[in-house]
Amino acid sequence: MSKLIIFSLLGGDLNQGFPVVTAQLWHNNQLFKITGSLPAIPGLSELYRRWKLLYEAVHQRLGSSQRIEVHSQDITNISVNDFEEVCHQLQTHINAWLKSESFQNIERQLRTLLNRDDEIRVIIETNITSLHRLPWQLWDFFEHYPKAELALSNHEYASPQVVRKSPTVRVKILAILGNSVGIDIDKDRSWLQGLTDTQTTFLVQPTRKELDEQLWNQNWDILFFAGHSTSIADGETGKIYINQTESLTIFQFKNALKTAITSGLKLAIFNSCDGIGLARNLADLNIPQMIVMREGVPDLVAQEFLKNFLVAFALNKPFYLAVREARERLQGLENDFPCASWLPVIYQNPTTVPTTWQELRGGSGDTKTRDEVSTQSRILTTKSKSAIVTRKCKLWTVMLSTAIVTLSTIGLRYLGVFEKTELQTFDQIFVLRPNEDLDPRLLVVEVTEKDIQSRQETTTGVKSISDSTLAQLINKLQKYQPRVIGLDIYRDFADPRNESKLIQLPTELSKENVVVVCKGRDLKHDPQGVKPPLEVPVERQGFTDAIQDPDGIVRRQIMMMAQEPSSPCTTPYSLSLQLAARYLSYENIQPDLNEDYVQFGSKIFKRLKPGRSGGYQQGVDLGGFQILVNYRNADYQRVSLADVLSDQVNFDLLKDKVVLIGVTANTISDTWSTPNSAAQQPYQEIPGIFIQAQMVSQIVSAVLDERPILGVLPFWGDIVWIWVWSSVSGLMVGCVCRSLLHQGCTIFAIAIILYGACAIALCAAPFGSIAVLKQGVWLPFIPSVFAVVASGVVVLFVQRHREFPTPLEGSVQNPRKLDETM
């Protein structure tokens with residue numbers, strides 16, 4: 001049960017102080033009365049005036065649509081930059097005033113009678129308008145008691161004389177949508193329309209006569225107004241603009257309002273600007289409670305408050321706690337709308353107990369006879385048991401439906417139905433990733449078309465660079481101490497033109513930090529293979545076999561694989577693994593090579609499981625040690641062959657780097673598609689040397705920078721993931737949402753959230769130097785979204801089938817009715 005505290009501030013003002021302040025605490029029909037006083041604080045009125053002018057100036061500067069016109073002449077020569085400081089001063093002054101020694105007797109005694117978890121209604125009772133204007137919620141008291149909320153009251157009041165009316169099962173709301181020029185009140189209407197168990201009548205820009213008739217001729221529970229309003233005469237009088245030509249003060253339709261209050265009107269909500277005058281006038285008519293806005297209110301603030309209040313209140317949260325929750329949630333808007341959480345305030349008739357949503361629906365405790373109570377109890381018990389059985393039946397239906405959908409989805413995925421779309425979605429999400437920094441450890445020396453044409457070099461009938469040129473290049477690179485050089489150019493032939501040169505290619509290839517390439521024999525794709533240069537031992541060889549998915553895109557890299565016995569390339573290690581391992585050895589990090597994992601230090605690379613793994617379910621060879629390529633969304637440092645040989649390169653770039661040498665000439669068919677290719681216009685493939693650079697960078701960055709590597713869920717993990725999302729969809733559609741529109745929107749929202757979750761998991765690339773995730777995961781989005789939609793549709797179909805059975809089913813299930821009609 002809540003506690004009520006009424007502070008009475010009488011016989012004084014801010015300039016003179018309040019010699020007598022009374023606090024009355026009501027709880028369990030017991031009254032505790034405490035007295036004290038408050039000193040004069042003449043600067044508070046001026047400080048509030050400055051705050052109000054700055055508040056209007058700030059919102060005018062921000063251009064927010066307010067439900068009152070801001071008077072620009074009032075804010076001349078006021079610095080908007082002072083606003084935050086004035087807010088802080090206002091809060092400090094209010095708390096200093098309420099911490100004065102003469103008032104501390106009241107607060108200390110109250111704290112002995114209150115618990116932190118108490119639900120507390122705090123009413124400030126005064127006739128002084130300037131006190132009604134103050135944001136009392138800034139008092140530290142409300143920080144200490146999280147279930148306390150403030151209300152204001154005039155000093156004089158009486159209990160409303162209510163004529164007993166027959167209970168209803170719907171809350172009757174009269175919603176006045178007044179003059180809306182320059183503002184948006186359609187959202188207010190949509191929130192009211194979204195309420196269940198209500199009967200809402202909308203008066204859109206009514207005339208005075210139309211409004212008067214509705215108040216006289218109908219019984220209303222809630223009166224709502226949205227539109228323009230203002231307080232005049234220093235807050236003594238309030239006015240609402242009911243249409244573009246008419247405005248009304250409370251006194252101009254007070255007879256109709258008094259009749260409505262007598263007929264049971266319990267709550268008025270003025271979701272409009274500057275409602276202090278309206279509240280003070282309407283309080284004189286003894287309405288039980290109101291909600292108004294202290295100052296001009298932006299559209300979005302008014303809409304968010306109304307939405308959050310209605311949601312909380314309709315869920316049977318106590319009135320005061322619903323207002324506090326909705327008010328405090330406005331703090332999230334204060335970057336754009338400063339002091340938004342200061343605006344809503346309750347006006348309360350202290351003689352009445354705050355209503356609840358249940359009471360408005362006719363759930364108030366009227367006196368009943370013993371027979372009536374017994375009868376109602378039996379009815380409620382029967383309904384309760386029926387509801388429990390229905391809920392259990394509905395839950396079992398949902399769970400069974402989602403289980404069937406999940407198993408069906410897994411079966412379709414196993415057959416490869418989703419593979420193509422899963423790969424396409426993988427690419428689409430990859431394109432969403434932010435740009436990354438260049439990998440500073442890699443440098444690509446590219447042999448361009450211009451390099452080949454300028455030297456007019458043809459080796460054994462194929463356009464390439466001669467051994468002498470290649471030897472000269474490697475020799476020059478070696479002078480600047482790179483850690484390792486990777487030669488991504490096949491050299492399975494001898495160049496007779498190199499025999500007379502001073503710098504011999506075999507000599508350069510014999511250096512310990514040079515790794516050369518070969519290609520394994522593959523009966524299906526390449527029955528010959530490419531052998532490495534004879535001068536280089538197998539320990540410094542790396543294969544460059546690339547694996548394309550059925551759509552021609554390279555998404556995987558092979559780190560290790562066993563070669564066929566007759567293959568000219570015998571090394572089991574890829575070029576990227578060889579280069580990364582040699583680079584990391586300088587960091588005292590040695591590889592641990594295993595059949596199921598490769599480990600560098602604490603970083604473990606796990607292979608894609610042979611057969612089926614992630615989105616790969618049909619027709620894809622997952623042999624060897626394969627991992628997904630986490631492409632870096634950045635280019636690489638590159639220089640041309642001509643630039644190096646002509647010393648037009650900053651050779652500081654070479655020291656302690658991985659240097660990759662490869663051909664990028666467009667006449668050489670060594671280009672490949674990546675996940676980014678389809679997103680580029682026109683469609684673009686990239687030279688193989690850059691694919692190798694990506695693969696080397698992936699390994700080195702993962703070990704040294706904690707850049708995420710990509711993996712997949714185990715088979716059982718995919719099943720659980722799909723089943724969870726299928727269940728969420730089924731439960732929301734079957735047990736939470738009622739209307740077909742809400743169910744459709746819910747399925748759509750779940751699909752959007754699912755896509756976001758999969759994108760966050762996959763887009764594990766680092767932002768700057770900070771990795772979002774240590775491990776990226778390719779989650780099964782397409783099967784999951786299929787299960788989400790299918791579960792929602794199946795559950796919806798089952799429910800509709802039960803609610804509306806076929807005529808044949810109805811006659812069989814109820815043979816008595818069939819007999820009676822014959």
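**Surface, cores and a hairpin in a predicted model**

Q: In this predicted model, how much area does the chain expose, and what share of it do carbon and sulfur atoms supply?
A: The model is a prediction, and the area is a computed value for the chain. The chain exposes about 38,700 Å². Of this exposed area, the share supplied by carbon and sulfur atoms is 54%.

Q: What percentage of the residues of the chain count as buried?
A: The secondary structure of the chain comes to 25 helices and 31 strands, and residues 24 or more positions apart account for 76% of the contacts with a separation of 6 or more. Among the 822 residues of the chain, the share that counts as buried is 51%.

Q: Which helix gives the most residues to the largest nonpolar core?
A: The largest nonpolar core has 119 residues, and those touching the most other members are Phe 7, Leu 9, Trp 51, Trp 97, Trp 136, Leu 215 and Phe 309. With eight residues, the helix that gives the most to this core is α10, residues 299-314.

Q: Which residues does Trp 136 touch, not counting residues up to four places away in sequence?
A: Trp 136 is one of the residues that touch the most other members of the largest nonpolar core. With residues up to four places away in sequence left out, the residues it touches are Leu 9, Trp 97, Leu 98, Ile 124, Leu 131, Phe 142, Leu 150, Leu 152 and Arg 294.

Q: Which residue in β24 is the bridge partner of Val 598?
A: Val 598 belongs to another core, of 32 residues, which lies apart from the largest one and also includes Leu 442, Leu 579 and Val 703. Strand β23 (residues 597-600) pairs with β24 in the antiparallel sense over four bridges. On β24, Lys 603 and Phe 605 make up the covered face, whereas Ile 604 and Lys 606 make up the uncovered one. The bridge partner of Val 598 in β24 is Phe 605.

Q: Which residue takes a positive phi in the hairpin of β23 and β24?
A: The hairpin has two residues between its strands. The residue there with a positive phi, near 60 degrees, is Gly 601.

Q: Is Val 417 buried or exposed?
A: Val 417 lies in the loop between α13 (370-414) and α14 (419-431). Together with Leu 412, Tyr 414, Leu 415 and Phe 786, Val 417 forms a nonpolar patch on the surface, with about 470 Å² of accessible area in total. Because its relative accessibility is 51%, Val 417 counts as exposed.

Technical notes: Residues numbered from 1 in each chain as written. Predicted model: local features only at pLDDT ≥ 70, side-chain atom pairs only at ≥ 80, totals over all residues. Heavy atoms only, no water. Buried < 20%, exposed > 50% of the residue type's maximum accessible area, 1.4 Å probe, protein only. Pairing = 2+ DSSP bridges. Core = buried A, V, L, I, M, F, W, Y, C linked by side-chain atoms within 4.5 Å. Contact = heavy atoms within 4.5 Å. Patch = residues over 30% accessible without salt bridge, like charges linked within 9 Å, V, L, I, M, F, W, Y side chains within 5 Å. Areas by Shrake-Rupley, 256 points an atom, 1.4 Å probe, with all protein chains shown as cover. Salt bridge = Lys/Arg side-chain N within 4 Å of Asp/Glu carboxyl O.
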